Amino acid sequence: MVGITFIVGYSCLLCSVLGAPYGYLYGSSGTAPVTAAPGGGGGGGGGGGATTPGKPVYNSTADISVLQYALTLENLEAAFYVDAVGKHTSAEFQAIGLTDRDYQILVNVRDHEVTHVAALSAAIAGLGATPVPACTYKFPATDVKTLLAIARALEKTGVSAYDAAAQDISNPAYLTVAATIVTVEARHAAFFNYITGNDPTGMKIIHKTSQY
């Protein structure tokens with residue numbers, strides 16, 4: 001329940017930061033790459049010859065919007081795991097039947113999310129935009145069980161967000177960035193499914209002696 005409540009708040013955060021669901025930030029231009037017509041011109045540009053015949057022209061405004069959307073997610077996830085590792089210890093994990101290895105994976109997840117923030121920020125800056133900054137967050141995880149429940153819900157939401165947004169990225173280079181990140185997020189989701197007593201593929205199981 002706390003995880004669901006937290007994710008509802010997180011979804012509202014995305015909207016408040018971006019001003020609207022990202023898919024409607026692009027106007028009527030769409031996001032598909034436009035191929036310049038052979039012979040130059042391309043529909044109204046005077047004879048400047050700015051386009052190369054047959055070369056795709058990508059919608060950088062759309063790509064920036066999607067990348068900012070993803071960065072908003074990654075800022076939150078990175079802050080969540082930095083806070084979690086700072087507040088909780090391996091001993092607390094072991095006290096509820098988990099292992100030090102489980103805790104070390106949490107530390108690895110933190111490092112992954114920090115790396116994702118850096119990668120997306122670099123991509124956005126490369127497009128000439130200013131990366132959206134992190135917000136000030138207050139996380140409700142006061143114990144390890146609550147932490148893991150929130151992490152599971154957060155990662156599931158993150159994977160769904162990337163899957164939905166990928167279709168709106170016009171430049172294959174940035175699609176590759178998103179695809180690389182989402183595969184890592186999916187592994188995170190599988191881990192937190194398993195550690196909270198759920199099968200990574202979606203079927204319920206019992207993990208060790210812990211119940212969540």
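Two rings of Phe, Tyr or Trp count as an aromatic pair if their centres lie within 6.5 Å. By that rule, this predicted model has six aromatic pairs. The legends below start with those rings and then move around the chain.

**Figure 1. A cluster of rings links F80, Y81, Y137, F139, F191 and F192.** Begin with the neighbours F80 and Y81, whose rings pair edge-to-face. Their centres are 5.0 Å apart, and the angle between the planes is 75°. F80 has a relative accessibility of 1%, so it counts as buried. Y81 comes out at 0%, and therefore counts as buried. Now look at Y137 and F139: here the planes sit at 20° and the centres are 5.7 Å apart, so this pair is stacked. The cut-off for stacking is under 30 degrees, while edge-to-face needs over 60. F139 is buried because its relative accessibility is 12%, and buried means under 20%.

**Figure 2. The whole chain, for getting your bearings, has six helices and two strands.** Follow the sequence from start to end and you meet the pattern α-β-β-α-α-α-α-α. The chain has 212 residues, and 42% of them are buried. What about contacts between residues at least 6 apart in sequence? Of those, 75% join residues at least 24 apart.

**Figure 3. Helix α2 runs from residue 60 to residue 87.** How far apart should the ends of this helix be? With 28 residues at 1.5 Å a residue, α2 should span 40 Å, and its end C-alpha atoms are indeed 40 Å apart, so the two values agree. Is α2 mostly enclosed or mostly open? As many as 21 of its 28 residues are buried, so the helix is largely enclosed by the rest of the structure. While you trace a helix, here's a handy rule: an α-helix has 3.6 residues a turn, so residues three or four places apart point the same way.

**Figure 4. One cavity of 30 Å³ or more is found in the structure.** How much space does the largest cavity hold? It comes to about 40 Å³. Its lining is made up of V66, A70, Y162, A165, A166, I169 and A178. Two helices, α2 and α5 (144–165), each give at least two residues to that lining. Which classes of residue do you find there? The lining has seven nonpolar residues, no polar ones and no charged ones.

**Figure 5. T176 sits in helix α6, which covers residues 172–195.** This residue has a relative accessibility of 49%, so it counts as partly exposed. Exposed would need over 50%. From T176, look across to A166: the two are ten residues apart in sequence, and their C-alpha atoms are 9.5 Å apart in space. You've met A166 already, as one of the residues lining the largest cavity.

**Figure 6. I96 lies in the loop between α3 (90–95) and α4 (100–126).** Is I96 buried, partly exposed or exposed? Its relative accessibility is 24%, so I96 counts as partly exposed. Which distance is worth checking here? I96 and V144 are 48 residues apart along the chain, yet 8.3 Å separates their C-alpha atoms.

How values were computed
Residues numbered from 1 in each chain as written. Predicted model: local features only at pLDDT ≥ 70, side-chain atom pairs only at ≥ 80, totals over all residues. Heavy atoms only, no water. Helix = DSSP H or I, 4+ residues; strand = E, 2+ residues; numbered from the N terminus. Expected span 1.5 Å × (residues − 1). Buried < 20%, exposed > 50% of the residue type's maximum accessible area, 1.4 Å probe, protein only. 1 Å grid on protein atoms, 1.4 Å probe; cavity = no way out; pocket = protein on both sides within 12 Å on 5 of 7 lines; lining within 4 Å. Points joined across faces, edges and corners; volume = space filled by probe spheres on them. Nonpolar A, V, L, I, M, F, W, Y, C, P; charged D, E, K, R; others polar. Contact = heavy atoms within 4.5 Å.
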